[in-house]
Amino acid sequence: MNTEKTYQRFKTDLSKYDNSWYKQPPFIKNVLWFITNAIFLNSYLLVPVSLKRLILRAFGATIGTGVMIKPKVNIKYPWLLNVGNYVWIGEEVWIDNLTTVSLGDHVCLSQGAMLLTGNHDYTRSTFDLSVGKIVIEDGVWIGAKAMVCPNVVCHSHAVLAVNSVAVKDLEAYGVYQGNPAQWIRERKITE
């Protein structure tokens, strides 16, 4: 059998892409958030953190006490975001939340980290959209430029090292590194 011919029959056809099942936010709400996000969060303007927290709450996010939000943070839909107390969201963090993202207390998202709740089924010619929640439990540290993929739970005090990609759950107090991230050692915290 001619392998080249076989593969020619099965091609991605984006003209058939259909994500009508996904409930988009109302158009006006989406536009208002897009503009607000661009001005106040996803920019290098010197915006007080207290104003950023107020804006996120006004758009439906649950934001705890003492949350730090650095410049150039991009949040897809704040109404699908739950943030605990004393969370640090670093510069250029991207929370691409097509569904719920929950951050526990004392979570650190280092600069350039990405929380990605959407993906596509590359085995389907229609490239179907799939979404999955992300849960980041208390004390977790997501390193700089690290990525957490859909349907992942980062359990209490786990660490995802710089540039690593979590495609499955991270055990509590585990240090993970690589792509895909693998358990490296136990996280030991001293006073």
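**Group meeting talk: rings, helices and strands**

A search through the whole structure turns up three aromatic pairs. One of them is tryptophan 21 with tyrosine 22, and this pair is edge-to-face. The ring centres are 5.9 Å apart, with 85 degrees between the planes. Before I go on, please keep in mind that this is a predicted model.

So how do you describe a pair of rings like that? You give the distance of the centres and the angle of the planes. And why is this one called edge-to-face? Because its planes are 85 degrees apart, and over 60 counts as edge-to-face.

Now, are tryptophan 21 and tyrosine 22 buried or exposed? Tryptophan 21 has 48% relative accessibility, so it counts as partly exposed. Tyrosine 22 has 10% relative accessibility, so it counts as buried. The cut-off for buried is under 20%.

Okay, on to helices. Two packed helices are described by the angle between their axes and the distance between the axes. Take helix H2, residues 27-41, and helix H3, residues 49-58. They pack at an angle of about 170 degrees, and their axes are 11 Å apart. That angle makes H2 roughly antiparallel to H3, because anything over 145 degrees counts that way.

Which residues meet there? On the H2 side we have Trp33, Thr36, Phe40 and Leu41, and on the H3 side Leu51, Lys52, Ile55 and Leu56. Sort the residues of this contact by type and you get six nonpolar, one polar and one charged.

Next, the strands. There's an open sheet of five strands, and the order to follow on screen is E3-E6-E9-E14-E17, with parallel pairing. Which strands stand at the edges? Those are E3, at 74-75, and E17, at 165-166. Each has a single partner strand, so one side of each is left without a neighbour in the sheet.

Let's zoom in on one pairing in that sheet. Strand E9, residues 114-116, and strand E14, residues 147-148, run parallel and are joined by two bridges. If you want a spot to click on, methionine 114 stands opposite methionine 147 in E14.

Just ahead of E3 there's a residue I'd like you to look at. Lysine 72 sits in the loop between strand E2, at 68-69, and E3. Its phi is near 65 degrees, which is a positive value in a residue other than glycine. Lysine 72 is partly exposed, with a relative accessible area of 29%.

Phenylalanine 127 is another one to click on. It lies in the loop between strand E10, at 118-120, and strand E11, at 129-131. Again we have a positive phi in a residue other than glycine, here near 55 degrees. Phenylalanine 127 has a relative accessible area of 28%, so it is partly exposed.

A quick stop at serine 102, which has its place in strand E7, residues 101-103. At 22% relative accessibility, serine 102 counts as partly exposed. What does it touch, leaving aside its neighbours within four places in sequence? Serine 102 is in contact with Asn82, Ile134, Val135 and Ile136. As for valine 152, that residue is 50 residues away along the chain, and the C-alpha atoms of the two are separated by 11 Å.

Last stop: strands E18 and E19. E18 covers residues 174-177, E19 covers residues 182-186, and the two run antiparallel with four bridges joining them. Who pairs with whom? Glycine 174 has glutamate 186 in E19 as its bridge partner, and valine 175 has arginine 185.

E18 and E19 form a hairpin, with four residues between them. In the turn, glycine 178 has a positive phi of about 105 degrees. Proline 180 lies in that loop between E18 and E19 too. Check the peptide bond from asparagine 179 to proline 180: it is cis, with omega near 0 degrees.

And E18 has another partner as well as E19. Strand E16, residues 159-160, runs parallel to E18, joined by two bridges. There, leucine 160 has tyrosine 176 in E18 as its bridge partner.

That's my tour, thanks for listening!

Key: Residues numbered from 1 in each chain as written. Predicted model: local features only at pLDDT ≥ 70, side-chain atom pairs only at ≥ 80, totals over all residues. Heavy atoms only, no water. Axes fitted to C-alpha atoms, helices over the stretch in contact; angles between N-to-C directions. Parallel < 35°, antiparallel > 145°, perpendicular 65-115°, else oblique. Contact = heavy atoms within 4.5 Å. Nonpolar A, V, L, I, M, F, W, Y, C, P; charged D, E, K, R; others polar. Pairing = 2+ DSSP bridges. Phe/Tyr/Trp six-rings, centres within 6.5 Å; stacked < 30°, edge-to-face > 60°. Buried < 20%, exposed > 50% of the residue type's maximum accessible area, 1.4 Å probe, protein only.
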